[in-house]
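Subject: Handover of a structure

Hello,

Please find the structure below for your own work. My notes on it follow, grouped by topic.

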Amino acid sequence: QVQLVESGGGLVQAGGSLRLSCAASGHTFSTYIMGWFHQAPGKEREFVAAISRSGATTWYADSVKGRFTISRDNAKNAVYLQMNSLKPEDTAVYYCAARLDGSRLDVKETYPYWGQGTQVTVSS
């Protein structure tokens with residue numbers, strides 16, 4: 001098991017940047033595939049990005065490709081989401097998630113471990 005805590009959210013104007021962090025507890029962080037999801041009010045939680053155990057491979061939702069970058073530092077038990085060129089439609093609560101196996105990395109139901117989320121608000 002792993003405990004996840006997100007941070008770094010806030011209010012930013014369209015076109016701005018934020019860097020989200022996810023701190024993990026435990027001694028097996030490097031065994032987890034990590035993902036970021038977001039959820040806007042009244043909408044389902046949606047896939048944003050994922051990263052392999054070593055950090056060598058990344059996956060992104062089409063809506064964030066070229067703007068967001070997921071990374072991880074296994075020595076620090078942390079995963080990050082660098083968000084650039086933010087748009088109002090990026091406004092949501094962003095969640096860090098973890099899973100041990102990998103297949104359909106964009107499916108939220110396949111991630112058993114979740115953080116509590118951090119709010120990102122992008123003004124127009």
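Two strands are taken to pair if DSSP finds at least two bridges between them. On that basis, this predicted model contains an open sheet of four strands in the order E1-E3-E8-E7, and the pairing is antiparallel. Strand E1 (3–7) and E7 are the edge strands, each pairing on one side only. The average turn between neighbouring strands of this sheet is 15 degrees, direction ignored.

Overall fold

The chain has 11 strands and zero helices, so its pattern along the sequence reads β-β-β-β-β-β-β-β-β-β-β. The radius of gyration is 13 Å, close to the 14 Å that the globule rule gives for 124 residues, so the chain is as compact as a globular protein of that length. The C-alpha trace spans about 40 × 25 × 25 Å along its principal axes. Of the 124 residues, 44% count as buried. Among contacts with a separation of 6 or more, 57% are between residues 24 or more positions apart.

E7 and E8

Within the four-stranded sheet, E7 and E8 run antiparallel and are joined by six bridges. One of the pairs is threonine 69 with glutamine 82, the latter in E8. The loop between E7 and E8 holds asparagine 77. The phi of asparagine 77 is positive, near 50 degrees, although the residue is not a glycine. Asparagine 77 has a relative accessible area of 17%, under the 20% cut-off, and therefore counts as buried.

Serine 85 also has a positive phi near 50 degrees, again in a residue other than glycine. Serine 85 lies in the loop between E8 and E9. With a relative accessible area of 42%, serine 85 is partly exposed.

E4 and its partners

E4 is largely enclosed by the rest of the structure, because six of its seven residues are buried. Which strands does E4 pair with? E4 is joined to E9 by seven bridges, and the two run antiparallel. In that pairing, isoleucine 33 has arginine 99 of E9 as its bridge partner. E4 also pairs with E5, in the antiparallel sense and over five bridges. Here histidine 38 stands opposite glutamate 46 in E5. E4 and E5 form a hairpin with six residues between the strands, in which glycine 42 takes a positive phi near 80 degrees.

As background, strands of a sheet pair through backbone hydrogen bonds, either parallel or antiparallel.

Nonpolar core

The largest nonpolar core has 38 residues. The residues with the most contacts inside this core are Leu4, Met34, Trp36, Val79, Leu81, Met83 and Tyr94. Two or more core residues come from each of strand E3 (18–25), strand E4 (33–39), strand E5 (46–51), strand E7 (68–73), strand E8 (78–83), strand E9 (92–99) and strand E11 (118–123).

Which residues does tyrosine 94 touch, not counting those up to four places away in sequence? The list is Glu6, Leu20, Trp36, Phe37, His38, Val48, Phe68, Leu81, Met83, Gly117, Thr118 and Val120. Trp36, Leu81 and Met83 appear in this list and also among the core residues with the most contacts.

Salt bridges

How many salt bridges does the structure hold? There are six, and three of the pairs are described here.

- Aspartate 62 and lysine 65 form a salt bridge, with the closest N and O atoms 3.0 Å apart. Aspartate 62 is exposed, at a relative accessible area of 64%.
- Aspartate 106 and arginine 104 meet through their side chains at 3.6 Å, N to O. Aspartate 106 is partly exposed, at a relative accessible area of 39%.
- Glutamate 109 and lysine 108 also meet in a salt bridge, at 3.3 Å, N to O. Glutamate 109 is exposed, with a relative accessible area of 60%, whereas lysine 108 is partly exposed, with 23%.

Glu109 and Lys108 belong, together with Glu44, to a network of salt bridges.

Regards

Conventions. Residues numbered from 1 in each chain as written. Predicted model: local features only at pLDDT ≥ 70, side-chain atom pairs only at ≥ 80, totals over all residues. Heavy atoms only, no water. Salt bridge = Lys/Arg side-chain N within 4 Å of Asp/Glu carboxyl O. Buried < 20%, exposed > 50% of the residue type's maximum accessible area, 1.4 Å probe, protein only. Core = buried A, V, L, I, M, F, W, Y, C linked by side-chain atoms within 4.5 Å. Contact = heavy atoms within 4.5 Å. Axes fitted to C-alpha atoms, helices over the stretch in contact; angles between N-to-C directions. Rg over C-alpha atoms; globule rule 2.2 N^0.38 Å.
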